Amino acid sequence: MTERLFEQDSYLKETEAEVVSVGDDGVVLDRTVFYARGGGQPGDRGELRLGSGEMVPVVDTVKGEGSQILHQLAPDAGHLLKPGDKVLAQVDWARRHKHMRMHTCLHLLCALVDAPVTGGNLNDQKGRLD
């Protein structure tokens, strides 16, 4: 089970975490500040900083089984991590904050549109309501 710190504090930019598992589909941490793709919102990007100081890029974040969140790494970066490793998980804050601002704008727009809204999609450049 991944502790989802972003649900408690959406302004949290980093956390210390432990690698639970490493697979072809991504890395599972015991806790994370990374938001997983879903509900029309993109997953977070960022990096995992190893104890050695080496940085492992996280290129996307998706939902796994149950409450797990999969941190998808840059190609060929998974070999740098193993279960039990301690990392500093750091979200790309500038990108996340743009997503948060766009998300808020879409909620405000929903309040102004006199029609049912069935969904939406956003990125850091634009948003769409259905």
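**A six-stranded barrel, two pockets and two aromatic pairs**

Six strands close into a barrel, following the order β2-β3-β7-β6-β5-β8 with antiparallel pairing. From one strand to the next, the twist averages 45°. The structure is a predicted model, and every value here is computed from it. As a reminder, strands of a sheet pair through backbone hydrogen bonds, in either a parallel or an antiparallel sense.

A walk around part of the barrel can start at strand β2, residues 14–23, which pairs with strand β3, residues 26–29, over four bridges in the antiparallel sense. The connection from β2 to β3 is a hairpin of two residues. Within this pairing, valine 22 has valine 27 in β3 as its bridge partner. Valine 27 also looks the other way along the barrel order, with histidine 71 in β7 as a bridge partner. That contact belongs to the pairing of β3 with strand β7, residues 69–73, where two bridges join the antiparallel strands. Further along the barrel, strand β5 (residues 46–50) and strand β8 (residues 86–91) run antiparallel and are joined by five bridges. Here leucine 48 stands opposite alanine 89 in β8.

Attention now turns to the open spaces. Rolling a probe the size of a water molecule over the atoms shows where empty space is left. The largest pocket holds about 220 Å³ of space. Its lining consists of Phe6, Ser10, Tyr35, Gln41, Pro42, Asp44, Arg96, His99, Met100, His103 and Thr104. Sorted by class, this lining contains four nonpolar, five polar and two charged residues.

The second largest pocket has a volume of about 160 Å³. Around this pocket lie Gly39, Gly40, Gln41, His103, Leu106, His107, Cys110, Gly119, Gly120, Asn121, Leu122 and Leu129. Two or more lining residues come from each of α1 (93–112) and β9 (120–122), and α1 gives the largest share, four residues. The lining divides into four nonpolar and eight polar residues, with no charged ones. Gln41 and His103 appear in the lining of both the largest pocket and the second largest pocket.

The aromatic side chains add a further layer to the picture. A pair of aromatic rings is described by the distance of the centres and the angle of the planes. Two aromatic pairs are counted in the model. In one of them, the rings of phenylalanine 6 and tyrosine 35 have centres 5.6 Å apart and planes at 75°; planes over 60 degrees apart count as edge-to-face, so this pair is edge-to-face. Phenylalanine 6 sits in the loop between β1 (3–4) and β2, while tyrosine 35 sits in the loop between β4 (31–32) and β5, so the pair ties together parts that are 29 residues apart in sequence. Phenylalanine 6 is buried, with a relative accessible area of 11%, whereas tyrosine 35, at 24% relative accessibility, counts as partly exposed. Both Phe6 and Tyr35 also belong to the lining of the largest pocket.

The other pair brings together tyrosine 11 and tryptophan 93, whose ring centres are 5.7 Å apart and whose planes stand at 50°, so the pair is tilted. Tyrosine 11 is in the loop between β1 and β2 and tryptophan 93 is in helix α1, and this pair links distant parts of the chain, 82 residues apart. Helix α1 is also the element that gives four residues to the lining of the second largest pocket.

Conventions:
Residues numbered from 1 in each chain as written. Predicted model: local features only at pLDDT ≥ 70, side-chain atom pairs only at ≥ 80, totals over all residues. Heavy atoms only, no water. Pairing = 2+ DSSP bridges. Axes fitted to C-alpha atoms, helices over the stretch in contact; angles between N-to-C directions. 1 Å grid on protein atoms, 1.4 Å probe; cavity = no way out; pocket = protein on both sides within 12 Å on 5 of 7 lines; lining within 4 Å. Points joined across faces, edges and corners; volume = space filled by probe spheres on them. Nonpolar A, V, L, I, M, F, W, Y, C, P; charged D, E, K, R; others polar. Phe/Tyr/Trp six-rings, centres within 6.5 Å; stacked < 30°, edge-to-face > 60°. Buried < 20%, exposed > 50% of the residue type's maximum accessible area, 1.4 Å probe, protein only.
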